[in-house]
Amino acid sequence: MSSPYSKSSLVAAVVAELDAGRTPARELLRDAVRALLAELARTAPGRSVEVRVPPYGAVQCGVGPRHTRGTPANVVEMNPVTWILLATGRLGWADAVASGRVQASGNRADISAYVPLE
């Protein structure tokens with residue numbers, strides 16, 4: 001993470017922008033996404049599920065069979081704003097999946113046990 005802000009202040013700044021109806025600065029959003037992805041990897045160690053938040057990052061997490069090459073069997077993908085909302089509890093897993101804001105494939109792709117992170 002290249003930002004001078006702490007993880008909590010990065011996330012708070014992005015959430016404040018979103019709550020105000022504004023688009024967060026690209027660098028701020030990027031750093032907050034990466035910080036929350038790193039937190040997910042830390043709190044849900046493993047390599048069973050790949051969580052992708054293009055264009056800012058991806059991590060592998062969750063217990064189970066390790067993915068090593070090619071397309072992972074268990075993938076969760078979403079846009080940066082959806083990831084921020086999901087990771088902070090402003091959007092629930094079931095609602096995110098049902099609305100199509102999160103694409104999840106594979107029998108281990110349900111990461112609802114790990115979110116929200118904070």
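Biologist: Which helix does Ser9 lie in?

Modeller: Ser9 lies in helix α1, residues 7-19. Helices here are DSSP runs of H or I with at least four residues, strands are runs of E with at least two, and both are numbered from the N terminus. Before we go on, this is a predicted model, where local features need pLDDT of at least 70, side-chain atom pairs count only at pLDDT 80 or more, and totals for chains, interfaces and linings use all residues. Residues are numbered from 1 along each chain as its sequence is written, and side-chain values use heavy atoms, with hydrogens and water left out.

Biologist: Thanks! Why is Ser9 called partly exposed?

Modeller: Buried means under 20% relative accessible area, exposed means over 50%, and partly exposed is in between, with a 1.4 Å probe and protein chains only. Ser9 has 28% relative accessibility, so it counts as partly exposed. Its C-alpha atom is separated by 8.8 Å from that of Ala32, 23 residues apart along the chain.

Biologist: What makes Arg22 and Glu17 a salt bridge?

Modeller: A salt bridge is a side-chain nitrogen of Lys or Arg within 4 Å of a carboxyl oxygen of Asp or Glu. For Arg22 and Glu17 the closest N and O atoms are 3.1 Å apart, so the pair fits the definition. Arg22 is partly exposed at 46% relative accessibility, and Glu17 is partly exposed at 22%. The structure holds six salt bridges.

Biologist: How do you know that Asp31 is buried?

Modeller: Asp31 has 4% relative accessibility, so it counts as buried. Asp31 forms a salt bridge with Arg30, with 3.0 Å between the closest N and O atoms. Arg30 has a relative accessible area of 21% and is therefore partly exposed.

Biologist: And what links Glu50, Arg52 and Glu77?

Modeller: A network of salt bridges links them. One of its pairs is Arg52 with Glu50, whose side chains meet at 2.6 Å, N to O. Glu50 is buried because its relative accessible area is 14%, whereas Arg52, with 26%, is partly exposed. Arg52 also stands opposite Glu77 in β3.

Biologist: How do you know that β1 and β3 pair?

Modeller: Two strands pair if DSSP finds at least two bridges between them. Strand β1 (residues 49-53) and strand β3 (residues 75-78) have three bridges, in the parallel sense, so they meet that rule. In general, strands of a sheet pair through backbone hydrogen bonds, either parallel or antiparallel.

Biologist: Why are β2 and β4 called edge strands?

Modeller: The open sheet has four strands in the order β2-β1-β3-β4, with mixed pairing. Strands β2 (57-61) and β4 (102-105) each pair on one side only, and that makes them the edge strands.

Biologist: Which strands does helix α2 touch?

Modeller: Helix α2 (residues 26-43) packs on the sheet and touches β1 and β2, where contact means heavy atoms within 4.5 Å.

Biologist: Lastly, what makes the radius of gyration agree with a compact globule?

Modeller: The radius is taken over C-alpha atoms, and the globule rule is 2.2 Å times the number of residues to the power 0.38. For 118 residues, a compact globule would have a radius near 13 Å, and the protein chain has 14 Å, so the value agrees. The C-alpha trace spans about 40 × 30 × 20 Å along its principal axes, and 42% of the 118 residues count as buried.

Terms used: Axes fitted to C-alpha atoms, helices over the stretch in contact; angles between N-to-C directions.
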